[in-house]
Amino acid sequence: MPACKTMFESLDDPVDVLTAFLDGVMRPIRFRWQGRVVRVRRVTGQWNRREGQAVLRYFAVQGSRDESYELCYDARGPRWTLKRAWREGA
Amino acid sequence: MILLVDMDAFFASVEQAHHPHLRGRAVIVCGDPDRRGVVTAASYEARPFGVRAGMPLAEAKRLCPNAEYVEGSPRKYVEKSLELLECFLSYTPDVEPFSVDEAFLDLGRLGARGATMDAAIALGREIQERIAREHSLGASIGIGPNKLIAKMASGVRKPRGLTAFDEEGFRRHFWPRPVQELWGVGPKMSVHLGALGIRTVGDLGETSAAALEQAFGVVGPHLRDAAWGMDRSPVIPYHEGVDPKSMGHEVTLPEDSRDPAFLEGTLLRLADQVARRLRGDGFAARTVTLKLRDFRFRTVTRQRALDVAVDDHLSLFEVARNLWRTNWRGEPLRLLGVSASALEKRGEAAQTELFERDERARTLQQALDRVRDRLGEASVVPAGSLTQRGEPGHVPFGAAQRQNRGTLSRRSAGAELNRRIRREAGRDEGPAGGSSPPGAQP
């Protein structure tokens, strides 16, 4: 088994997200976090969670350096939040 | 032919599918990794270390310290399960979801594609490949002439296995095996069977139905049928639905507790969660069950039947609290659970009898439900469930904001500064906070 070299961070950071709407499907393209822009290379999963009448939309995404994130879109703000991040450790 | 699709290490595999760097690594899905709790699921890479679902997290960390501990997200797994259901429904309308990670498919209506064992195997392979291609997940498939054989066949080769038996093949494989491998025979039943000298599935098959009926009542002959690979239970299609038999919630406490106020507050919260589910699905319950697990992992369940069916948290709580007061000896408790069974559809239930005496209570309950439906579970909660809120050991309620925890293996000073600024500006509060530990939230 390869040794785990990633850092897992449980976050709740507001982030600015460049978003595309293609064929009625929303998709994050880039987001700014900790002063740098992360380009979303791939959306690896999507799911929703209800909070009362509000529906929070979650996206599991991979960045250009294969790092992994979970973003959440809350239409009530509207606002984007970075919920979790895995990055290669130093 | 019947086909059972059993997703391999489902929760851990979904995390690996969503986060590709986790693939090939030991992944353990749990509640909050920094709190006490149990392993919800372990990837196949973690299993050689002895990690199993249900094991205390502390033990898992001792056995497999280098694993990735991932906080589970029940909603994520349910949504994936629904996507898989859509996939299965594209083959046949006769799909019965058996659990969040298992489904029976009845191929009877597919004509030649599902009529023979070879055709069913080909279809099973196709479904496995599609699940791998479209969802990056593994599934093991069992095929047989009935649900029992399909279910048991699915466990023969894992992960990504495919096993098909006819009744004769089933007996050839399972008759030499221990009787507890038979679907429906649990540890207690296997002890009873062992006392009769029945140790293998074959022993059970060769015992007379009369002897089994004498020992186990009406269940006895059914056990014998199962040993012969006989099962007449139908696949109940998804769209027909099946009413649940019980609803419950349990929580592993952050630390062992013998504080009555805290324990009663936790019971009230659990009763409230169960009551919300009952009302949400239009049920009322005639039986309440309390589950206690102490610091030595001794588990006690006690239940009480009620004269009328109820669906409000105070009624459930009253019963659960009485059971707790009667059965708790003051030892530190690790886990509490409340469940409701003997369910009745609310229209048929005698709940109205209860509320006719207190129309105002019913109106209030409906109003509170509307508020929570609209604003979320944490918007209104029973005050008694907030005992010791914010104190160490408190179990968070609903979607209340959690502080960022020590999960962070590293955090930049800038991010921490931003967080503090937001907190001080009052923007870091509110119900849009972090996801909830499985089983600990509505």
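In chain B of this predicted model, Ile2(B) stands opposite Asp106(B), a residue of strand S6(B). This pair belongs to a broader contact between two strands: S1(B), residues 2–7, is joined to S6(B) by five bridges, and the two strands run antiparallel.

Strand S6(B) also pairs with strand S5(B), which covers residues 95–99; four bridges connect S5(B) and S6(B), again in an antiparallel arrangement. Within this pairing, Pro97(B) has Ala103(B) of S6(B) as its bridge partner. The connection between S5(B) and S6(B) is a hairpin, with two residues between the strands. Strand S6(B) thus has bridges to S1(B) and to S5(B).

The burial of S6(B) can be considered next. This strand comprises residues 102–106 of chain B, and four of its five residues are buried, so the strand is largely enclosed by the rest of the structure. The cut-off behind this statement is a relative accessible area under 20%.

Attention may now turn to the backbone geometry. Most residues other than glycine have a negative phi, and most peptide bonds are trans. Against that background, several positions in the two chains deserve notice.

The peptide bond that joins Gly77(A) and Pro78(A) is cis, with an omega of about -10 degrees. Pro78(A) is located in the loop between strands S5 (68–74) and S6 (79–88) of chain A. In chain B, a cis peptide bond leads from Lys158(B) to Pro159(B), and its omega is near -5 degrees. Pro159(B) belongs to the loop that lies between helix H6 (147–154) and strand S8 (162–164) of chain B.

Two residues of chain B call for comment on account of phi. Ser136(B) is not a glycine, yet its phi is positive, at about 55 degrees. Ser136(B) occupies the loop between helix H5 (117–135) and strand S7 (139–144) of chain B. Its relative accessible area is 36%, so Ser136(B) counts as partly exposed.

Ala342(B), likewise not a glycine, has a positive phi of about 50 degrees. The setting of Ala342(B) is strand S12 of chain B, which spans residues 333–345. With a relative accessible area of 37%, Ala342(B) is also partly exposed. Both values fall in the range between the limits of under 20% for buried and over 50% for exposed, which is why neither term applies.

Terms used
Residues numbered from 1 in each chain as written. Chains lettered and ligands numbered in written order. Predicted model: local features only at pLDDT ≥ 70, side-chain atom pairs only at ≥ 80, totals over all residues. Heavy atoms only, no water. Buried < 20%, exposed > 50% of the residue type's maximum accessible area, 1.4 Å probe, protein only. Pairing = 2+ DSSP bridges.
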